[in-house]
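Here is my note on the model, set out as numbered points. Please read it with the structure open beside you.

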Amino acid sequence: MTIMMYSGTVDKLLPLAIVTSGAVSMDMEVNIFVTFYGLLGFKKGMVETNQKFIKDFEEFVPMIKEQLKKKNIPSWYDMLKKAKETGKVRIQACSTACDMLDIKKGDLDPIVDEVVGVGTYLAEASESKVTLMM
Amino acid sequence: MTIMMYSGTVDKLLPLAIVTSGAVSMDMEVNIFVTFYGLLGFKKGMVETNQKFIKDFEEFVPMIKEQLKKKNIPSWYDMLKKAKETGKVRIQACSTACDMLDIKKGDLDPIVDEVVGVGTYLAEASESKVTLMM
Amino acid sequence: MTIMMYSGTVDKLLPLAIVTSGAVSMDMEVNIFVTFYGLLGFKKGMVETNQKFIKDFEEFVPMIKEQLKKKNIPSWYDMLKKAKETGKVRIQACSTACDMLDIKKGDLDPIVDEVVGVGTYLAEASESKVTLMM
């Protein structure tokens, strides 16, 4: 599975972590190609403090946060980290977007494996059974 | 075709219904996996009253609503219902997201067939020619 | 590769142009199916004046615009135009969405090749290695 991760909001990072964890438990390989606003979500520091949700459903955010806390649901970051430890998950940052947003490898959390060009993404996506963009 | 339906706004539910209807008319099978904000769009009651559009193009919403009315375009819900009646369309809700948002099967409109884990989605997506997330 | 282009904001049009340019340089064919708000992004005039970014990361937009200018990054439109000139890229507008938004072929920038039904999109997507929606 190859996922182009365009978004940097918690409401997309959570599904990313859930679908990646599910794939790992089914022995699927997952390539995550982080681009544009996704890069902001993977910046050092941001991975743990990010509280951004899309504005379209703002009225539900307090309830969601309460549920996540009450049910003791791990953060997307912890879920993704665990998926990386137990399965084949590679997280790559888009070099063009890094350049556009002035982000260097060192600005990104170590959960990101490398900075690569869009060609690397395309080669992997072409070999994937499932291609998503979120 | 397998669609991960993340969004619950009318501007995404309409394309979902259009693409599903198109697929049915071409004898394609469609699996719709509803997650996160998508679940809000499929809640009982919400399916008919939901007037939410993403905020990014708010200024066009009155014009869009007027056009939909003027051209007598059926609602996404009616389109999707008809697609289900005439073709192979299955609508599944994500169990993890249901848990996170405290939504039970009974809270969802009967157009949703069942609540399943992300593994079911992944198995179906792996067998699909087209995989989308909207 | 087949891309359903739902969005009309610059932050999605840029990744569209980047991924399309990358695909062309790898000799891949790209079909872009423009629907809903995507149509607004491809309207005559809009292709060059459009300054819309999604609202969720508004605080980063001035920095992004400055970077794009400073680094002399071509506009998504110029990138996409060049990709069309050098490779196999077809841009199609969704007929149902055109009807809903009261948009005619003549309202769209000439970079759009034709107006087609969702069936055309589905037939092409079924034959594609990579299917994205952005």
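1. By what rotation, and with how much shift along its axis, is chain A superposed on chain B? In this predicted model, a rotation of 120° with 0.0 Å of shift along its axis brings chain A onto chain B, at an RMSD of 0.0 Å. Chain C can likewise be laid on chain A by a turn of 120° and a shift of 0.0 Å along the axis, with an RMSD of 0.0 Å, and that is the relation of a three-fold axis.

2. The copies meet through different surfaces, because only 18% of the interface residues of chain A are also interface residues in chain B.

3. Turning to the contact between chain A and chain B, 33 residues of chain A touch 27 residues of chain B, and the area buried between these two chains is about 2600 Å², of which carbon and sulfur atoms give 71%. On the side of chain A, the residues that lose the most area to chain B are A:Ile18, A:Asp56 and A:Phe57, which together account for 23% of what that side buries.

4. The polar part of this interface comprises 4 salt bridges between chain A and chain B, one of the pairs in a salt bridge being A:Glu59 with B:Lys52, whose side chains meet at 3.0 Å, N to O. For polar contacts, the rule finds 8 residue pairs across the interface of chain A and chain B, with both residues at pLDDT 80 or more. The elements of chain A that give two or more residues to the side touching chain B are α1 (10-25), α4 (61-70) and β5 (131-133), and α1(A) gives the most, with 8 residues. By class, that side of chain A has 22 nonpolar, 3 polar and 8 charged residues.

5. Over all chains, a search of the whole structure finds 21 salt bridges. Within chain A, the side chains of A:Lys104 and A:Asp102 meet in one of them at 3.4 Å, N to O; A:Lys104 is exposed, with a relative accessible area of 51%, while A:Asp102 is partly exposed at 34%.

6. Between chain B and chain C, two pairs deserve a look in the viewer. The side chains of B:Glu58 and C:Lys55 meet in a salt bridge at 3.7 Å, N to O, and this pair crosses between chains, each residue lying in the loop between α3 (46-49) and α4 (61-70) of its own chain. B:Glu58 counts as partly exposed at 42% relative accessibility, and C:Lys55 is also partly exposed, with a relative accessible area of 27%. In the other pair, B:Lys71 forms a salt bridge with C:Asp102, the closest N and O atoms being 3.3 Å apart. Since B:Lys71 lies in the loop between α4 and α5 (76-86) of chain B and C:Asp102 in the loop between α6 (95-100) and β4 (114-116) of chain C, the pair joins two chains. B:Lys71 is partly exposed at 28%, and C:Asp102 is partly exposed at 35%. Salt bridges that share partners also join A:Lys71, B:Asp99, B:Asp102 and B:Lys104 into one network.

7. Is C:Cys94 buried or exposed? C:Cys94, which lies in strand β3 (residues 89-94) of chain C, is buried, because its relative accessible area is 2% and the cut-off for buried is under 20%. Leaving aside neighbours within four places in sequence, C:Cys94 is in contact with C:Phe33, C:Val34, C:Thr35, C:Leu39, C:Val115 and C:Val116. C:Val34 is 60 residues from C:Cys94 along the chain, and their C-alpha atoms are separated by 5.9 Å.

Note on methods. Residues are numbered from 1 along each chain as its sequence is written. Chains are lettered from A and ligands numbered from 1 in the order in which they are written. This is a predicted model: local features need pLDDT of at least 70, side-chain atom pairs count only at pLDDT 80 or more; totals for chains, interfaces and linings use all residues. Side-chain values use heavy atoms; hydrogens and water are left out. Contact means heavy atoms within 4.5 Å. Buried area is the accessible area (1.4 Å probe) that two parts lose on being put together, summed over both. A polar contact is a pair of N or O atoms within 3.5 Å; within protein, one must be able to donate a hydrogen and the other to accept it, and residues adjacent in sequence count only if both atoms are side-chain atoms. Helices (H or I, at least four residues) and strands (E, at least two) are DSSP runs, numbered from the N terminus. Ala, Val, Leu, Ile, Met, Phe, Trp, Tyr, Cys and Pro count as nonpolar, Asp, Glu, Lys and Arg as charged, and the others, Gly among them, as polar. Copies are superposed by least squares on the C-alpha atoms of residues with pLDDT of at least 70 in both. Buried means under 20% relative accessible area, exposed over 50%, partly exposed in between (1.4 Å probe, protein chains only).
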